[in-house]
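Colleague: Could you walk me through this model and tell me how each label was earned? I would like to see the values set against the cut-offs.

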Amino acid sequence: MIRPIIAVLVLLLAFGALRVPIEHAVSREHREAYFRGAQLGLGLREQLGQVGFLAALSGFRSVVADMLWIKAHTAWERTEWGRMAALFETITSLQPRVIMFWDMAAWHMAWNASVAALNDQRLGREALRVRAQRQYFELGRDLLERGIRNNPDRWTLHDRLAMLLRDKFEDHCAAAGQYARAAAFADAPAYEKRFAAYELSRCPGQERAAYEKLAALFDLGKKEQLPTLLSRLAEMEKVLGIPEADRRVPQRPSESNP
Amino acid sequence: MNAAPDPAAPPSHPAHRGFSPSRIAAIARNTLTELIRLKVFYFLLLFALLIIGNSAFMLRFSFQEEFQVLKDVSLGAMSIFTSLLAIVATAMLLPKDVEDRTLYTILAKPVPRFEYLAGKLGGVLVLLFIATLLMSVLFVAVLFIREKWVIAEILREAGGTPNEQALEMIANVKKSAFSGALVPGIAIIYLKACLLSALTLFVSTFASSSIFTIIVVVAVYFVGHLQATAREYWLAAGANVSWITKGFLAMVSLIFPDLQMFNLVDDIVAGNDIALGLFLRTSGLGLLYVGVYLLAAHFIFSAKEL
């Protein structure tokens, strides 16, 4: 019986020596194709506990992430914002490729938790409440930025970050940049390009560039000539002092005769 | 002129072949029948309850959340059920045949031991294929029903004539529900179960009982999911890592299978598409594992005194 055992050991070791470089190469290919990107470190072990970490290691990290998502939903119903933030950290570490997790987590932090913080009288003075509100904005931005780093091949989180920068930070220049990045993806919706131009038109010092983009969109035809585009274009034409003859949007009588 | 047959000559039989796929198929068929008689498909009821219950529970969430959780839970359940079925069904094969004396009856005939093992494994692989197929059909059916339900709700809210926003929502629902990329994901779940089955067969050739086999394979299952970490650390280890650590990591990498390789479905559900070449390379590795474990089982089993 010794000979077959030796034969099996030799077979397994030889097969191991043959497959290790292949497996290493296939693993690299998996990572390049955005598979197996979750970083299951010791920090996660502390957050998940023994059983959850074991389950995540054994190929059930998506199920563990879903269970935590349901927990986060319950925390939301109870308005436990701090607990939600901690759960979102774990969930997005487990499933960094699920756009919905980054998107919803950022939305909860920047829109829901921030409003709750501003209205939370237990925080005391208004200055403190505004500070807490801004901290939740920052949390939302951080989630979206990390989401983008984990999903560089997708446009959705650029759009969400642009929305956050526009509506919460009122940073129209940065929002225009994010919308433009989203628009650069082949599968991005057509409105991303429009939104990028709208935000650029609100960015001080970028009037000329915004005018050119808006005019280019206008020239694409009726489909692009939407009310917001017309009003932004008219505004840029006015700001830049475009001669009446060259204007795409005719000036209203009230504007020409102040 | 034809010569008359010699009545004294022995009756002519087809020559016995050293390797016969039809003998393997016969053993596989019998194995499959035996396993089906053990009512192994009852677990499908549990699977159905799990996904229908999950679908009902997730009604209060948004449709994106609902479909995400439904797909994750269904595919996770599919993975655990096929893995368990592969381990438990295969671990029982050899001890049961020894206990029933069927093994001696078969091997007393001119059936090579390799064909016996290949037939047994073949039976389990067919069983796993049927189980995976049935679970997939159930999963797709629940996903399809929920998709239609959500779309009908959107249309009802839009008053029957969908506007641009409703049409975009319907497109999003369709995108969140079933996608063709799930098919290679399910195929990889099946391959992982095949690998575990071949590994279990190998362990059962030298194990003293089914329980021992199951425990060993479950341990290998957990170590196998960490093999990639050990391998990467081993390959990247510099001079400051002791030779004992390096040796240990090398042994783990060389002996244990990399089961993380077959956990692609999490990312497929997240919207990743798997390229055909990558799918074929991953599948090829899985099939190679099955072949090597079958060969290893043959080495031990052929030298075993029965």
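Modeller: Gladly. Let's begin with a term: a salt bridge here is a side-chain nitrogen of Lys or Arg within 4 Å of a carboxyl oxygen of Asp or Glu. By that rule the structure holds 25 salt bridges over all chains. Please keep in mind that this is a predicted model.

Colleague: What makes Glu23(A) and Arg231(B) a salt bridge?

Modeller: The N to O distance between their side chains is 3.2 Å, and the cut-off is within 4 Å, so the pair qualifies. Glu23(A) sits in helix H1 of chain A and Arg231(B) in helix H8 (residues 210-236) of chain B, so this bridge joins two chains. Both Glu23(A) and Arg231(B) are buried.

Colleague: Which residues are linked with Glu23(A) in a network of salt bridges?

Modeller: The network links Glu23(A) with Arg19(A), Arg31(A), Arg231(B), Glu232(B) and Asp258(B). One of its pairs is Glu232(B) with Arg31(A), whose side chains meet at 3.0 Å, N to O. Between chain A and chain B the count is five salt bridges.

Colleague: How do you know how much area is buried between chain A and chain B?

Modeller: The size of an interface is often given as the accessible area lost when the parts come together. For chain A and chain B that area is about 4,700 Å², with carbon and sulfur atoms giving 67% of it. The contact draws 48 residues from chain A and 59 residues from chain B.

Colleague: Why is Asp120(A) called buried, and why is Arg122(A) called exposed?

Modeller: Asp120(A) has 19% relative accessibility, and buried means under 20%, so Asp120(A) counts as buried. Arg122(A) has 76%, and exposed means over 50%, so Arg122(A) counts as exposed. The side chains of Asp120(A) and Arg122(A) meet in a salt bridge of 3.1 Å, N to O.

Colleague: What makes Lys96(B) and Glu34(B) a pair that ties together parts of chain B?

Modeller: Lys96(B) forms a salt bridge with Glu34(B), with the closest N and O atoms 4.0 Å apart. Lys96(B) belongs to helix H3 (residues 63-100) and Glu34(B) to helix H1 (residues 21-37) of chain B, so the bridge connects parts that are 62 residues apart in sequence. Partly exposed is the class between under 20% and over 50%; Lys96(B), at 29%, therefore falls in it, and so does Glu34(B), at 25%.

Colleague: Why is Ile5(A) called partly exposed, and which patch does Ile5(A) help make?

Modeller: Ile5(A) has 38% relative accessibility, so it counts as partly exposed. Patch residues need over 30% relative accessible area. Together with Met1(A) and Leu9(A), Ile5(A) makes a nonpolar surface patch of about 280 Å². Ile5(A) is placed in helix H1 (residues 2-32) of chain A.

Colleague: How do you know whether chain A matches a compact globule?

Modeller: Chain A has a radius of gyration of 26 Å, whereas a compact globule of 258 residues would be near 18 Å. The C-alpha atoms of chain A fill a box of roughly 105 × 50 × 25 Å along the principal axes. Buried residues make up 46% of the 258 residues in chain A. As for its secondary structure, chain A has 11 helices and zero strands.

Notes
Residues are numbered from 1 along each chain as its sequence is written. Chains are lettered from A and ligands numbered from 1 in the order in which they are written. This is a predicted model: local features need pLDDT of at least 70, side-chain atom pairs count only at pLDDT 80 or more; totals for chains, interfaces and linings use all residues. Side-chain values use heavy atoms; hydrogens and water are left out. Patches are made of residues with over 30% relative accessible area and no salt bridge: like charges are joined within 9 Å, nonpolar side chains (Val, Leu, Ile, Met, Phe, Trp, Tyr) within 5 Å. Accessible areas come from the Shrake-Rupley method with a 1.4 Å probe; for residues, only the protein chains shown count as cover. Helices (H or I, at least four residues) and strands (E, at least two) are DSSP runs, numbered from the N terminus. Buried means under 20% relative accessible area, exposed over 50%, partly exposed in between (1.4 Å probe, protein chains only). The radius of gyration is taken over C-alpha atoms; the globule rule is 2.2 Å times the number of residues to the power 0.38. Contact means heavy atoms within 4.5 Å. Buried area is the accessible area (1.4 Å probe) that two parts lose on being put together, summed over both.
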